[in-house]
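Hi everyone, thanks for coming. Please have a look at the structure on the screen, and I'll walk you through it.

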Amino acid sequence: MNAFIFFGARGMTGRRELQKEGRRRRILKAASQLFETRGYEATGMGDIARRARLAVGTLYNYFPSKPEIALAVVRGRTSEALSEGEAVVKRPDADPVTAVTALFDLYLDTFCHFERSLWREILAAAMTDPEGLGAAFFAQDARLLQQLDALLRELRSRRSLGPDADSGRGAITLYGVYITWFMAYLANESTSLQAVHAELREGIRIVMQGLARPARPSGADPKAGFPRNAGKTRQEDSP
């Protein structure tokens, strides 16, 4: 009898968890559809609840605010972008600029699919709640950075980068270029996505010039670009 009650309770718990996950998926699907068709600012929590066929109170049990719903939608798109980016990492173009540009173009096209207003509200909420929503938001950056680092390591292994290229620092520098132009896109309605793609590629080209440079020979002068003792006669060759 006790075993029956125990396993029966476990079964009920499992069903409840499945129901909760099903509601959560319905909420995110409804929100994503409304954000795309109606717009982020024009979509209210009541609209999302009605589309998901839930009471508004139930919706708030899952997500306390609209920015948190938006972040969950973005998190799902981040996973999609990372999945698509795996093909770029595993089979990168031989030209490192083209390889990194392909990855960043994928990120831009994924995330700029959302309205600027959605990103602005998420960023504002993240800044006012750095340990909660902010930490969850910036965790997405860490996932993208890891993939970029993996791409640079793959390029280095294929000798498309210098053998001493620091993939970690290179990834941070390149990601800084990406974030700069992504924020420029969000801040200015007149900035087109095409312009961001073009400026981003140029920024990538400049950074990659340093990463693609081959290692200097031992004793090389980093300013002169050739060994310090170049041009000097050896002691035994002196008259």
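I'll start with the overall build, then turn to confidence, one helix, one residue and a pocket.

First, please keep in mind that this is a predicted model. The chain has nine helices and zero strands, so if you read along the sequence, you simply meet one α after another: α-α-α-α-α-α-α-α-α. Of the 239 residues, 39% are buried. Now take the contacts with a separation of 6 or more: 70% of them join residues 24 or more positions apart.

How confident is the predictor? The average pLDDT for the chain is 85, and 83% of the residues score at least 70. Among the elements, helix α2, residues 45-51, has the highest mean pLDDT, at 96. Helix α1, residues 2-37, has the lowest, at 78. Then look at residues 215-239, where pLDDT stays under 50. The model has 15 contacts beyond four places in sequence for that stretch. Where pLDDT is low, we shouldn't read the predicted coordinates in detail.

Next, let's pick out α8, which covers residues 167-187. How far apart should the ends of α8 be, at 1.5 Å a residue? For its 21 residues the expected span is 30 Å, and the end C-alpha atoms are indeed 30 Å apart, so the two agree. Several residues of α8 are buried, including Ala171, Leu174, Tyr178, Phe182 and Tyr185. An α-helix has 3.6 residues a turn, so residues three or four places apart point the same way. And what do the buried residues of α8 pack against? Their partners are α5, α6, α7 and α9.

Now for a single residue, Arg77, which sits in helix α4. Is Arg77 buried or exposed? Its relative accessible area is 15%, and buried means under 20%, so Arg77 counts as buried. Beyond its neighbours within four places in sequence, Arg77 is in contact with Ser32, Glu36, Thr110, Phe111, His113 and Phe114.

Last stop: the largest pocket, with about 220 Å³ of space. Its lining has 16 residues, and the ones nearest the centre are Trp119, Phe137, Asp141, Ile179 and Phe182. You've met Phe182 already, as one of the buried residues of α8. Helices α4, α6, α7 and α8 each supply at least two residues of the lining. By type, the lining divides into 13 nonpolar residues, two polar and one charged.

That's my tour, and I'm happy to take questions.

Definitions and conventions: Residues numbered from 1 in each chain as written. Predicted model: local features only at pLDDT ≥ 70, side-chain atom pairs only at ≥ 80, totals over all residues. Heavy atoms only, no water. 1 Å grid on protein atoms, 1.4 Å probe; cavity = no way out; pocket = protein on both sides within 12 Å on 5 of 7 lines; lining within 4 Å. Points joined across faces, edges and corners; volume = space filled by probe spheres on them. Helix = DSSP H or I, 4+ residues; strand = E, 2+ residues; numbered from the N terminus. Nonpolar A, V, L, I, M, F, W, Y, C, P; charged D, E, K, R; others polar. pLDDT = per-residue confidence, 0-100. Contact = heavy atoms within 4.5 Å. Expected span 1.5 Å × (residues − 1). Buried < 20%, exposed > 50% of the residue type's maximum accessible area, 1.4 Å probe, protein only.
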